[in-house]
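Visitor: I would like a close look at a single part of this protein, namely the place where two of its helices pack against each other. Please take me through that part with care, and then set it in its surroundings.

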Amino acid sequence: MQIELKKKDLMKPILKYKSIFISDVHLGTKGCQADKLLEFFKNTRSEKLYCVGDIIDVWALQKNFYWPQEHNDVIQKILRKARHGTEVYYVIGNHDEVFRKFIPMHFGQIKMINRVIHQSVLNKKYLVVHGDAWDGVMRYAKWLSKLGAIAYEMLLKLNVVINFFRRLRGKGQWSLAKFLKYKVKNAVKYMGEYEKTIAEYGKKKKFDGIICGHIHHAQNENYDGVNYLNCGDWVESCTALVENFDGTFEIIYWDKLREEFLDNHNNSDKEVIEAQDLKKAS
Ligand SMILES: [Mn+2]
C-alpha cells in the first residue's frame with residue numbers, strides 16, 4: 001500500500017520552482033479565494049516559500065469573525081510544506097500587524113519577520129517586504145485608510161440622497177460613473193508612485209530588487225536598475241511571483257496556468273504520460 005502511494009506521488013506532475021512568493025491572501029475575509037490558493041499549493045513545489053504580508057486579515061477578523069474550513073486548510077498546507085522541507089518565511093503586513101509585537105519568532109518551522117533578504121539564483125540581493133511602509137496614506141495616518149473604505153461606502157449610499165436634493169434645486173444628476181473613472185485614473189497614478197518610491201528606496205539601500213505586495217497589483221518592472229516585483233493578491237487576480245531555477249522571475253496568473261496545466265494532466269492522456277515516465281524511470 002505504501003509503495004503504491006509513493007508511486008502515485010512520483011507520477012503526479014508538479015510545477016517546480018526555486019522560490020514562490022505570495023501576498024495579500026486576506027484569509028478571514030469573504031473575498032479571499034482560498035480554494036484557488038489551495039489548488040495552486042497542491043500543484044506546486046518550491047525550495048522556498050515567502051508569504052509577503054496580509055496573509056491573515058486580522059483587521060477583518062476583529063470586526064467580523066469569518067473563518068471557514070478552507071481558510072484553515074491554507075494555513076495547514078503552509079505548515080505542511082514547512083514540515084516537508086520547504087523553507088517558509090512569513091513577512092508581516094499591515095492587516096496582520098498584530099504579529100509584529102512578537103517578532104522575530106518561529107511558528108512551527110515558519111520564520112515570522114518584518115522583512116528578509118532573498119539571495120537569488122543569480123546571486124542578486126532582493127529585499128522582501130510587504131510594502132505598507134511606502135504607502136503615503138498608511139504612513140501618515142493608519143486610521144485614515146480604514147476610514148477611507150467606510151467613507152466610500154457611505155458616499156455610494158449618499159449618492160441617492162445627493163441627487164434627490166440636486167433635483168429639488170434644479171441641478172443635474174451628480175455622476176457617480178464620472179467620479180469612479182476619476183478614482184481609477186488616480187489609482188493608476190497612485191500605483192506608479194508607490195512602485196517608484198519603493199524602487200528608489202531599493203536603489204538607496206543598494207538592493208538589486210524589491211519584492212513586495214500590498215497594492216494588489218502584480219508587477220515585474222525595472223526602475224532605474226532596480227527590479228520592482230509585486231506578488232499581486234488572492235482576492236481578485238490570484239497571482240504569485242515565482243523564481244525559476246535559471247534565476248528568472250515570473251508572474252503566474254493561476255486562472256490561466258491552471259487551465260493549461262490541469263487540463264493537460266487530468267484527462268485521459270494521463271495514463272500515456274505515466275507510461276512514458278515509467279519507461280524513462282526503468
Ligand atoms: Mn497590505
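Guide: What follows begins with the helix pair and then moves outward to the strands and to the protein as a whole. Please keep in mind throughout that this is a predicted model.

The two helices are H2, which covers residues 34-42, and H4, which covers residues 69-83. Their axes come within 9 Å of each other and cross at roughly 25 degrees. Angles under 35 degrees count as roughly parallel, and H2 and H4 are therefore described as roughly parallel to each other. The crossing of H2 and H4 also has a hand, and that hand is left.

As for the residues that make up this contact, H2 contributes Ala34, Asp35, Leu37, Leu38 and Phe41, while on the side of H4 the residues they meet are Glu70, His71, Asp73, Val74 and Lys77. Sorted by class, the contact of H2 with H4 holds five nonpolar residues, four charged residues and one polar residue. Among the nonpolar residues are Leu37 and Phe41 from H2 and Val74 from H4, whereas Asp35 in H2 and Lys77 in H4 are among the charged ones.

Turning to the surroundings, the protein has 12 strands alongside its nine helices. Five of the strands form an open sheet of mixed pairing, in the order S6-S7-S8-S10-S9. At the edges of this sheet are S6 (115-119) and S9 (219-223), each of which pairs on one side only. On average, and with direction ignored, neighbouring strands of the sheet are turned by 20 degrees against each other. The edge strand S9 runs antiparallel to S10 (residues 226-230), to which five bridges join it, and within this pair Asn220 stands opposite Leu229 in S10.

Another antiparallel pair is formed by S11 (residues 239-243) and S12 (residues 249-253), again over five bridges. Here Ala240 has Ile252 in S12 as its bridge partner. S11 and S12 form a hairpin with five residues between them, and in the turn Gly247 has a positive phi of about 95 degrees.

For the protein as a whole, which comprises 282 residues, buried residues make up 28% of the total. Of the contacts with a separation of 6 or more, 66% are accounted for by residues 24 or more positions apart.

Terms used:
Residues are numbered from 1 along each chain as its sequence is written. This is a predicted model: local features need pLDDT of at least 70, side-chain atom pairs count only at pLDDT 80 or more; totals for chains, interfaces and linings use all residues. Axes are lines fitted to C-alpha atoms, for helices over the stretch in contact, and angles run from 0 to 180 degrees between N-to-C directions. Helices (H or I, at least four residues) and strands (E, at least two) are DSSP runs, numbered from the N terminus. Angles under 35 degrees count as roughly parallel, over 145 as roughly antiparallel, 65 to 115 as roughly perpendicular and the rest as oblique. A crossing is left-handed if the near helix is turned anticlockwise from the far one by less than a right angle, and right-handed if clockwise. Two residues are in contact if their C-beta atoms, placed from the backbone, lie within 7 Å. Two strands pair if DSSP finds at least two bridges between them. A residue is buried if 20 or more other C-beta atoms lie within 10 Å of its own, exposed if 12 or fewer, and partly exposed in between; C-beta atoms are placed from the backbone.
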